[in-house]
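The following exercises are to be worked through with the sequence and the structure in view. Each task is followed by a solution in steps.

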Amino acid sequence: MGNHKTRTASKYQNRRTMSSSDRALIAAFKEISTMADRINLPKTIVDRANNLFKQVHDGKNLKGRSNDAKASACLYIACRQEGVPRTFKEICAVSKISKKEIGRCFKLTLKALATSVDLITTADFMSRFCSNLDLPNMVQRAATHIARKAVEMDIVPGRSPISVAAAAIYMASQASEHKKSQKEIGDIAGVADVTIRQSYKLMYPHAVKLFPEDFRFTTPIDQLPQM
């Protein structure tokens, strides 16, 4: 990734007179590469994010937004388009920009470029969240099943995939011996406790239908937390 960064930058630096526009591009490419390095994203994502940024930059879209905010939004979009989505919180953690501003820039960038991103599903986050919470495969499988069934049964209309995934992890972990609190899960998923609670409340009455048949309960469904 380092070589690629150097090549991209040198392409512009080789010009004797560098315009402020070129300087802005170099700085943004460097920022994208640095952020990607910090969360181990591959070169394909860096290339796509650079390309998105250049389109926004050349089209003089998003006036009044900082280049760092645009770079962060482009990295977020590139992750989604390349099939390795990251949450706003994860991008925010390696960016100088607030989660709210990245979210705003994300919407404006999509509009400006008339591009789209695939719909995120709960499965996109499940393995990473469970791994970061040190949850065993059995709990991850159950949480994935719970989230998928909740969406299929239309129990969680309008809830974000991240909050549904977080609530499913909470439900599966509470039924196992590897219990995790809403706060622990919220910290990893980047959602507030209350957001997890709202999704969990919708799912709880249907818990019997949501768990996989072969799940081995440590805590039975009727003893799961009620909100």
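## Exercise 1: A cysteine in a helix

Cysteine 74 has a relative accessibility of 0%, so this residue counts as buried. The model is a predicted one.

**Task.** Determine in which helix cysteine 74 is found, and which residues cysteine 74 touches beyond four places away in sequence.

**Solution.**
- Step 1. Locate the residue: cysteine 74 belongs to helix H4, which covers residues 67-81.
- Step 2. Apply the cut-off: buried means under 20% relative accessible area, and cysteine 74, at 0%, therefore counts as buried.
- Step 3. List the contacts, leaving out residues up to four places away in sequence: cysteine 74 touches Ala49, Leu52, Phe53 and Thr109.
- Step 4. Consider a distance: between the C-alpha atoms of cysteine 74 and alanine 142 there are 33 Å in space, and the two residues are 68 apart in sequence.

## Exercise 2: The chain as a whole

**Task.** State how many helices and how many strands the chain has, and what its mean pLDDT is.

**Solution.**
- Step 1. Count the elements: the chain has twelve helices and zero strands.
- Step 2. Take the dimensions: the C-alpha trace spans about 70 × 30 × 25 Å along its principal axes.
- Step 3. Examine burial: the chain has 227 residues, of which 48% count as buried.
- Step 4. Examine the contacts between residues at least 6 apart in sequence: 72% of them join residues at least 24 apart.
- Step 5. Assess confidence: the mean pLDDT of the chain is 89, with 92% of the residues at 70 or more. Among the elements, the lowest mean pLDDT, 54, belongs to helix H1 (residues 2-13), and the highest, 96, to helix H12 (residues 207-210).

## Exercise 3: Two domains and a core

**Task.** Identify the domains into which the chain is divided, and find which helix gives the largest share of the largest nonpolar core.

**Solution.**
- Step 1. Give the bounds: domain 1 covers 21-113 and domain 2 covers 122-223. To the contact, domain 1 gives six residues and domain 2 gives nine residues.
- Step 2. Give the separation: the centres of domain 1 and domain 2, taken over C-alpha atoms, are 30 Å apart.
- Step 3. Consult the record: an unreviewed UniProt entry lists "domain: Cyclin-like" for residues 30-111 and 124-205. Residues 30-111 are 73% helix and 0% strand, with end C-alpha atoms 25 Å apart. Residues 124-205 are 72% helix and 0% strand, and their end C-alpha atoms also lie 25 Å apart.
- Step 4. Turn to the core: the largest nonpolar core has 72 residues, and Leu75, Ile169, Met171, Met203 and Phe211 have the most contacts inside it. Helix H9 (residues 161-175) supplies the largest share of this core, eleven residues. Domain 1 (21-113) and domain 2 (122-223) each contribute at least three residues to this core.
- Step 5. Inspect one core residue: beyond four places away in sequence, methionine 171 touches Ile146, Tyr200, Met203, Tyr204, Ala207, Leu210, Phe211 and Leu224.

## Exercise 4: An aromatic pair and its surroundings

**Task.** Decide whether tyrosine 76 and phenylalanine 106 are stacked, tilted or edge-to-face.

**Solution.**
- Step 1. Count the pairs: the chain has nine aromatic pairs.
- Step 2. Apply the cut-off: planes over 60 degrees apart count as edge-to-face. Tyrosine 76 and phenylalanine 106 have 80 degrees between their planes and 5.0 Å from centre to centre, an edge-to-face pair.
- Step 3. Place the partners: tyrosine 76 lies in helix H4 and phenylalanine 106 in helix H6 (residues 99-113), so the pair ties together parts 30 residues apart in sequence. Both tyrosine 76 and phenylalanine 106 are buried.
- Step 4. Extend the view: ring pairs link Tyr76, Phe88 and Phe106 into a cluster.
- Step 5. Add a contact of Tyr76: threonine 87 touches Tyr76, and also Phe125, Arg128, Phe129, Ile162 and Ala189, not counting residues up to four places away in sequence. Threonine 87 is in the loop between H4 and helix H5 (88-94), and counts as buried because its relative accessibility is 3%.

## Exercise 5: Positive phi in loops

**Task.** Establish whether asparagine 40 is buried or exposed, and where alanine 114 is placed.

**Solution.**
- Step 1. Asparagine 40, a residue other than glycine, has a positive phi near 55 degrees. Asparagine 40 sits in the loop between helix H2 (20-38) and helix H3 (43-58).
- Step 2. With a relative accessible area of 69%, asparagine 40 is exposed.
- Step 3. Alanine 114 is not a glycine either, and its phi is positive, about 50 degrees. Alanine 114 is placed in the loop between H6 and helix H7 (123-132).
- Step 4. With a relative accessible area of 72%, alanine 114 is exposed.

Methods: Residues are numbered from 1 along each chain as its sequence is written. This is a predicted model: local features need pLDDT of at least 70, side-chain atom pairs count only at pLDDT 80 or more; totals for chains, interfaces and linings use all residues. Side-chain values use heavy atoms; hydrogens and water are left out. Helices (H or I, at least four residues) and strands (E, at least two) are DSSP runs, numbered from the N terminus. Buried means under 20% relative accessible area, exposed over 50%, partly exposed in between (1.4 Å probe, protein chains only). Contact means heavy atoms within 4.5 Å. UniProt positions are given in the numbering used here, feature names are shortened, and annotations may be inferred rather than shown by experiment. A nonpolar core is a set of buried Ala, Val, Leu, Ile, Met, Phe, Trp, Tyr and Cys residues joined through side-chain atoms within 4.5 Å. Domain bounds come from an automatic or database domain assignment. pLDDT is the predictor's confidence in each residue, from 0 to 100. Rings of Phe, Tyr and Trp (its six-membered ring) pair if their centres lie within 6.5 Å; planes under 30 degrees apart count as stacked, over 60 as edge-to-face and the rest as tilted.
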